[in-house]
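The exercises below ask you to work through one structure step by step. Please look at the sequence and the model before reading each solution.

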Amino acid sequence: MSKDYRGDVSPGECWSALAETPDALLVDVRTTAEWAYVGLPMLSSLGKAPLLVEWQSFPSMAVDPAFAEKLGDQVAKAGGTPSSPIFFLCRSGVRSIAGAVALTDHGYENCFNVLGGFEGPPDAEGHRGRKAGWKAEGLPWAQN
């Protein structure tokens with residue numbers, strides 16, 4: 001039976017929680033290709049790093065059936081617990097909801113979706129990262 005995740009937050013609210021709450025974590029559920037070619041949120045100024053666990057694997061885009069178990073292991077290694085605030089990020093905020101629900105179903109109490117994701121929806125010219133999301137809010141990120 002699926003439980004609801006805790007709720008949605010803006011990228012700025014996520015950043016504030018990461019800065020103010022020692023055990024708060026950011027999970028990026030995009031694909032390896034997206035991390036490599038689009039960029040990653042940078043949390044080094046907070047003494048943290050995002051947890052990188054694909055919800056769907058590129059190129060098949062099949063959902064990883066072991067997602068919650070893999071992420072649970074990473075949360076524990078990062079010092080998190082089932083009551084830690086855990087924020088989920090994807091490209092535009094859809095896969096991250098699925099990830100938040102999956103980890104909530106796995107016994108984690110405080111899973112949040114980051115609205116707009118990393119890049120947000122495309123603008124009138126078809127470009128992402130300008131209207132909403134992590135990049136549009138001017139939060140730290142880097143591209144390889």
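**Exercise 1.** Determine whether Cys 111 is buried or exposed, and which cysteine sulfur is nearest to that of Cys 111.

*Solution.* Cys 111 has a relative accessibility of 0% and therefore counts as buried, where buried means under 20% relative accessible area, exposed over 50% and partly exposed in between, with a 1.4 Å probe and protein chains only. The model is a predicted one, in which local features need pLDDT of at least 70 and side-chain atom pairs count only at pLDDT 80 or more, while totals for chains, interfaces and linings use all residues. Residues are numbered from 1 along each chain as its sequence is written, and side-chain values use heavy atoms, with hydrogens and water left out. A disulfide is a pair of cysteine sulfur atoms within 2.5 Å, and a search of the whole structure finds zero of them. For Cys 111, the nearest cysteine sulfur is that of Cys 14, 12 Å away.

**Exercise 2.** Describe how the residues of strand E8 are placed, and which strands pair with E8.

*Solution.* Strands (E, at least two residues) and helices (H or I, at least four) are DSSP runs numbered from the N terminus. In E8, residues 110–114, five of the five residues are buried, so this strand is largely enclosed by the rest of the structure. Asn 110, Phe 112 and Val 114 point one way, whereas Cys 111 and Asn 113 point the other way. Two strands pair if DSSP finds at least two bridges between them. Strand E1 (residues 7–9) pairs with E8 in the parallel sense over three bridges, and Asp 8 has Asn 113 as its bridge partner. Strand E7 (residues 85–89) runs parallel to E8 and is joined to it by four bridges, with Pro 85 partnered by Asn 110.

**Exercise 3.** Place E8 within its sheet, and state which strands lie at the edges.

*Solution.* The sheet is open, has five strands with parallel pairing, and follows the order E1-E8-E7-E2-E4. Its edge strands are E1 and E4 (51–52), each of which pairs on one side only. Between E2 and E7, which run parallel, there are four bridges, and Asp 28 stands opposite Leu 89 in E7.

**Exercise 4.** List the residues outside the local sequence that Phe 67 contacts.

*Solution.* Contact means heavy atoms within 4.5 Å. Once neighbours within four places in sequence are left aside, Phe 67 is in contact with Val 29, Val 53, Glu 54, Trp 55, Phe 88, Gly 99 and Ala 102.
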